[in-house]
Amino acid sequence: MVSSVLIKNVNIIPMPGSRVLHGYNMVIEGARIKRIFPSRKQETDKFAGRIINGKGKFLIPGLFDMHVHLHSQTWLSLFLRYGITAIRETGSYKKEIFSLRDKVNSGKVLGPRMYICGPILEGDPPFWKGFRIVRNKKEGRIAVSELKRQGVDFIKVYQTLKPEVYEAILKEACKRGLKVTGHLPKSISIMKAIKMGQGGFEHMSSMRNYISKIVSVNANLKNYPGWRKFVDVKIDKRKLEKLGSLLERNNVFLCPTLVVDKKMSQLADYSKLKQSKEARLLPKYYREIKWNPNHPKSSANIKGRPPLWWENFCLYCERTRHILPFLQKHSNILAGSDTPNPFVIPGVSLLEELELLVDSGLKSYQALEAATYNAALSLDALLDFGTIEEGKIANLVLLRKNPLKNISNIRSIKGVILNGTYLFYKDLRKKAKGFT
């Protein structure tokens with residue numbers, strides 16, 4: 001028997017845009033939204049299924065975290081706890097990621113819908129261990145072909161690929177109907193990469209490096225001989241305009257991951273970061289060892305860097321965040337966290353990302369679009385997800401407060417609906433506890 005749910009008299013934010021449908025009823029049958037209509041008592045008096053009172057509350061599409069590295073299956077409930085009903089897994093060397101994706105997406109394992117790329121394609125030597133190394137054009141084509149057969153949803157490229165190998169990967173991916181996102185190979189400019197067909201870019205780094213110039217002075221600090229201190233960042237407006245025009249013509253998606261920049265820049269005050277209640281959602285190993293910049297076994301990208309490095313990085317990020325509204329006008333912005341980088345906690349970090357998008361100049365509805373409509377659009381999934389419409393899969397978040405008035409209201413979660421099943425927030429919190 002197909003289960004039915006009625007959400008009564010709720011305010012619906014259907015996406016995209018800032019429109020609100022005040023006082024509507026929604027009927028869900030099975031996994032899909034069957035009807036949406038203005039609230040009328042007489043039409044629902046005889047409803048036989050589960051009834052949820054939505055008066056004074058706000059219903060939004062389920063959120064996507066568009067940049068995740070899923071190190072543990074136990075994190076799935078953390079994503080659900082914070083209203084994330086879909087994740088884009090942006091690089092895993094584990095073969096089990098394919099079977100886990102299939103189990104989650106078929107409903108055998110409770111968790112957000114997963115989109116995966118499998119192993120990241122990288123040159124030799126790789127920037128990180130665990131990537132799939134492709135040394136020549138033939139290996140690049142074979143890698144894309146094999147990943148297509150394995151059922152990946154997209155391809156991710158990285159930094160040390162040779163130009164000719166990178167080009168072969170892009171061409172083979174296009175031939176196989178796969179979109180390509182990722183970092184920029186060091187030998188390729190952002191402008192050339194867009195023209196060659198890379199349709200998505202992760203992080204702000206590729207954009208920042210092209211349009212900005214750092215102003216620095218000698219630090220004159222005995223603890224950092226030879227170091228320079230950043231004092232300003234100059235934006236080349238001509239280059240910015242040129243970039244914007246090319247982004248728009250090629251319908252590019254950009255996932256800025258501002259939250260990882262913020263957390264990394266705060267590592268100069270590591271002792272304060274590790275005290276946060278969110279950090280305690282993960283095992284002690286993360287906050288005491290892996291994310292401790294002073295520990296010999298910490299992550300390679302943070303180990304041994306002095307406080308001045310983090311201070312410089314912080315200034316660089318802060319001075320370039322204001323270009324985001326310009327980029328939003330010329331590209332499709334996606335919301336992603338890059339969890340589990342240092343103190344980028346699965347789930348809650350996506351809500352922090354939305355707040356940072358608004359703090360950088362986007363409107364609240366534009367930040368919501370980045371985690372809903374734009375996300376589904378980039379994954380060719382708008383038929384089922386990304387907006388609230390009749391016939392779509394009922395992946396939804398019920399909020400106590402209006403996120404369009406204040407994006408931080410995205411934290412006021414009352415419940416999450418996953419594939420038509422209503423999950424109480426208090427139950428999600430219980431499931432997400434106990435990983436320490």
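This passage looks at the salt bridges and one nonpolar surface patch in a predicted model.

Salt bridges first: the structure holds 21 of them. Opposite charges on side chains can pair up once the charged atoms come close. One such pair is Arg-319 with Asp-232, at 3.2 Å from N to O. Arg-319 sits in helix H12 (residues 307–320) and Asp-232 in strand S15 (residues 228–235), so this bridge ties together parts that are 87 residues apart in sequence. Both ends are partly exposed, with relative accessibility of 35% for Arg-319 and 22% for Asp-232.

Just past the end of H12, Arg-321 pairs up with Asp-359, again through a salt bridge, this one at 3.1 Å from N to O. Here Arg-321 belongs to the loop between H12 and helix H13 (324–330), while Asp-359 is in helix H14 (residues 348–359), so the pair links parts 38 residues apart in sequence. The two ends differ in cover: Arg-321 is buried because its relative accessible area is 12%, whereas Asp-359, at 55%, is exposed.

Glu-29 and Lys-34 make another bridge, with their closest N and O atoms 3.3 Å apart. Glu-29 is partly exposed at 36%, and so is Lys-34 at 46%. Salt bridges also join up into a network that links Arg-101, Asp-102 and Asp-153.

Turning to the nonpolar side of things, Val-215, Val-217 and Val-231 make a surface patch of about 180 Å². Of these, Val-215 is found in strand S14 (residues 212–218), and its relative accessibility of 30% puts it in the partly exposed class.

Definitions and conventions:
Residues are numbered from 1 along each chain as its sequence is written. This is a predicted model: local features need pLDDT of at least 70, side-chain atom pairs count only at pLDDT 80 or more; totals for chains, interfaces and linings use all residues. Side-chain values use heavy atoms; hydrogens and water are left out. Patches are made of residues with over 30% relative accessible area and no salt bridge: like charges are joined within 9 Å, nonpolar side chains (Val, Leu, Ile, Met, Phe, Trp, Tyr) within 5 Å. Accessible areas come from the Shrake-Rupley method with a 1.4 Å probe; for residues, only the protein chains shown count as cover. A salt bridge is a side-chain nitrogen of Lys or Arg within 4 Å of a carboxyl oxygen of Asp or Glu. Helices (H or I, at least four residues) and strands (E, at least two) are DSSP runs, numbered from the N terminus. Buried means under 20% relative accessible area, exposed over 50%, partly exposed in between (1.4 Å probe, protein chains only).
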